[in-house]
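Welcome! Have the sequence and the 3D view ready, and try each exercise before you read its solution.

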Amino acid sequence: MINIDSNELLNKYLDRERLALYLDEVQQANQRFNLVSRNATLADLELLTAESLIPIEQGWIDEKSGPLLDIGSGWGIPAVPMLLAGLDIKITMVERSQKKADFLLLLLHRLGLKAEIVSNDLQAFKSPSKYATITMRGVAVDNKLIRKLKQLSELDTGIIYFGDKFSGDLLNQSQAIEYSIDNLPVRKLIKYHIV
């Protein structure tokens with residue numbers, strides 16, 4: 001298990017002014033519609049932003065990891081923090097909620113970041129591109145989803161998964177990091193290769 005200090009991670013990878021702008025945009029939009037839990041504090045948002053940087057810190061994602069597909073992007077976690085960290089790869093964010101997708105478009109514009117935003121359900125999503133890396137947070141992963149992801153993947157695509165809703169037989173074939181961030185209970189980051 002590794003111990004992570006969210007402030008150290010944020011200071012290492014992100015400009016604090018741009019981080020403040022990002023989180024301010026999230027908080028303002030969250031007051032109008034539910035981007036993230038309405039009870040989420042600024043400290044909660046900073047922690048989730050810092051968690052998004054762990055794959056970079058662990059060497060699981062770098063400049064050679066693209067193109068990257070982020071599924072269920074919501075308020076931009078983990079893709080926007082990766083872009084803010086200067087990750088120079090093509091990123092496509094898939095978000096089925098039109099309101100959240102519209103927010104992401106506006107957010108990227110205000111932050112001066114480039115990524116493709118797709119407002120669609122993943123099962124209906126068709127892409128001319130194949131992806132080398134796929135990121136997901138809190139999405140239930142099972143064999144049906146893996147079959148869909150194979151259609152969108154290059155050979156040996158890596159899935160970076162934040163959470164514990166990863167199917168048992170798939171989990172046995174993956175690499176996992178257990179970590180504690182800011183002394184909170186242990187969490188998991190999983191890397192699975194589609195072959």
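**Exercise 1.** Find how many bridges join strand β5 to β6, and decide whether the two run parallel or antiparallel.

*Solution.* Start with β5, residues 131–137. It is joined to β6 by 6 bridges, and the two run parallel; strands pair if DSSP finds at least two bridges between them. Next, pick out Thr133, which stands opposite Gly158 in β6. Then trace the chain: it leaves β5, passes through helix α7 (residues 143–151) and reaches β6, a right-handed β-α-β crossover (clockwise from the first strand over the helix to the second, with the strands pointing away from the viewer). Helices (H or I, at least four residues) and strands (E, at least two) are DSSP runs, numbered from the N terminus.

The model is predicted: local features need pLDDT of at least 70, side-chain atom pairs count only at pLDDT 80 or more, and totals for chains, interfaces and linings use all residues. Residues are numbered from 1 along each chain as its sequence is written, and side-chain values use heavy atoms, with hydrogens and water left out.

**Exercise 2.** Work out which way β6 and strand β8 run, and why β6 is largely enclosed.

*Solution.* First, look at β8 (residues 187–194): 6 bridges join it to β6, and the pair runs antiparallel. Here Tyr161 stands opposite Ile190 in β8. Now count along β6, residues 153–162: 7 of its 10 residues are buried, so the rest of the structure largely encloses this strand. Buried means under 20% relative accessible area, with a 1.4 Å probe and protein chains only.

Definitions and conventions:
Buried means under 20% relative accessible area, exposed over 50%, partly exposed in between (1.4 Å probe, protein chains only).
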